[in-house]
Amino acid sequence: MDATVNINPLIKKHHIELRSRIRHFAETEIESLAKELDEEATFSKSLTKRLGEMGLFGISIPEVYGGKDLDTLSYIIAVEELARVDSSQAATVAAHNSLGIVPIFNYGTEKQKRHLLPSLTSGDYVWAFGLTEADAGSDATGVKTIAELRDGYYIINGSKLFITNSASVCSAGVTALTITGEKEGKKKFSAILVERQSEGYIAEPIRNKMVWRAADTGKITFRNCKVPKENLLGEEGKGARIMLEIIDGGRLSIAAIGLGLAQGAFEMALEYAKSRHQFNQPIGKFQSIAFKLADMETKLELARNTLYKACWQKDSNLPYAKEAAIAKLYCSEIAKEIADEAVQIFGSYGLMKDNKIERFYRDQRILQIGEGTSEILRVLISRHLGL
Ligand SMILES: Cc1cc2nc3c(=O)[nH]c(=O)nc-3n(C[C@H](O)[C@H](O)[C@H](O)COP(=O)(O)OP(=O)(O)OC[C@H]3O[C@@H](n4cnc5c(N)ncnc54)[C@H](O)[C@@H]3O)c2cc1C
């Protein structure tokens with residue numbers, strides 16, 4: 001897809017300019033590093049700084065907090081362009097914006113915003129969102145991390161697993177979903193901002209991942225971790241609602257990673273189909289290969305329209321939870337299908353570590369699991385149908 005062509009009525013001039021700028025950045029500054037960072041499972045502090053300098057941290061929040069004040073579609077196009085080249089960097093940006101910065105901006109007090117957001121938009125630090133635990137994956141009510149209020153401080157105990165942007169030197173802290181007591185026999189969930197330097201905060205990287213190997217995934221343990229009660233995000237007992245609202249927005253960015261990854265895989269497969277000869281002709285001339293590519297292009301067109309329309313609904317202040325779920329479900333599933341068919345087009349060469357498509361084939365797999373598995377998204381969409 002040509003970055004300079006307007007392919008959708010929702011796309012405006014500033015979207016085209018942004019796409020060209022991020023594409024150039026991804027191709028000139030990320031592409032050459034992506035293979036080695038993936039192989040060595042290394043989170044790059046300097047590349048993270050560059051992502052910040054490119055204005056990708058806080059892209060949709062006001063300039064007064066260091067953001068760029070752009071619309072959702074701009075953010076989504078930026079994530080899409082990063083994932084077209086490297087999903088790990090796209091994941092760092094998506095998690096930091098949708099799950100790190102946006103909750104603080106949407107629910108934080110002015111004091112919390114002034115304290116945290118300028119450093120989180122600079123590129124020096126990233127912020128994480130801690131929902132998942134050993135017994136809490138799809139079912140957030142399984143959260144066991146507990147925060148007890150004593151003498152003006154929350155004392156937090158528990159641990160969070162698989163948390164993006166939580167364990168590298170750039171990680172400044174986490175918004176943790178905790179239990180803060182009970183109301184009418186039901187657990188009261190609250191979101192608490194926990195800075196990394198807090199007493200009793202232990203962050204460790206999780207290694208040996210199949211996916212997003214150059215992104216920072218960690219485990220956070222809170223051992224009598226002490227934070228001032230002013231670190232409560234939003235109201236006490238509203239944590240579950242905050243989490244659900246945040247994840248609706250997060251799903252758009254996971255969908256964007258799926259779309260960008262699928263676009264990158266498609267472009268690689270198309271180029272190869274034109275250059276690889278068997279039986280004295282390019283393999284793309286065989287109908288079975290040409291039809292695979294035609295199906296890929298069709299899926300990309302549908303995915304892009306679905307995702308951009310969901311962004312438009314969000315920016316128009318219309319309900320968008322169902323559309324975000326549909327976009328995330330569809331974009332993540334076509335990423336799987338397109339990466340798989342791309343490997344098929346490459347034949348054995350696609351199975352080699354040296355071939356970029358191998359990384360894309362692995363990286364797509366998290367997209368049907370994180371921020372609502374494909375099964376849970378179908379449950380959610382069917383509920384919107386009254387089922
Ligand atoms: C690289 C990476 C980064 C991540 N980043 C973060 C992060 O930043 N913050 C965070 O909080 N978490 C993060 N996660 C965790 C991720 O969001 C969870 O793993 C995900 O929500 C699924 O939870 P689970 O793995 O416990 O699976 P489970 O919930 O145990 O599900 C297992 C299987 O059962 C199915 N299942 C469960 N319930 C139902 C149901 N009701 N109906 C039908 N099927 C069902 C699921 O669809 C799935 O197939 C990350 C994970 C990874 C791998």
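**Exercise 1. In this predicted model, work out how many residues of domain 1 are in contact with domain 2, and what the domain 1 side is made of.**

Solution. Start with the contact itself: 26 residues of domain 1 are in contact with 21 residues of domain 2. Contact here asks for C-beta atoms within 7 Å.

Next, see which elements build the domain 1 side. Helix H1 (13–39), helix H2 (45–53), H4 and helix H5 (110–122) each supply at least two residues of the side that touches domain 2. H4 gives the most to this side, with eleven residues.

Then sort that side by class: twelve residues are nonpolar, eleven are polar and three are charged.

**Exercise 2. Place this contact within the domain layout of the protein.**

Solution. Begin with the bounds. The domain assignment gives domain 1 (13–126), domain 2 (127–238) and domain 3 (241–384). Now take the centres over C-alpha atoms: those of domain 1 and domain 2 are separated by 22 Å.

**Exercise 3. Describe the shell around the ligand, going from residues to elements to domains.**

Solution. First, the residues: 24 of them surround the ligand, and the closest are Leu-131, Gly-137, Ser-138, Thr-373 and Glu-375.

Second, the elements. Those that give two or more residues to the shell are helix H4 (87–107), strand S1 (126–130), strand S3 (153–164) and helix H10 (374–384).

Third, the domains: domain 2 (127–238) and domain 3 (241–384) each provide at least three residues of the shell.

Finally, the classes: the shell has 13 nonpolar, eight polar and three charged residues.

A nice link to finish: H4 gives residues to the ligand shell and also to the side of domain 1 that touches domain 2.

Note on methods:
Residues numbered from 1 in each chain as written. Predicted model: local features only at pLDDT ≥ 70, side-chain atom pairs only at ≥ 80, totals over all residues. Near = placed C-beta within 6 Å. Helix = DSSP H or I, 4+ residues; strand = E, 2+ residues; numbered from the N terminus. Nonpolar A, V, L, I, M, F, W, Y, C, P; charged D, E, K, R; others polar. Domains from an automatic or database assignment. Contact = placed C-beta atoms within 7 Å.
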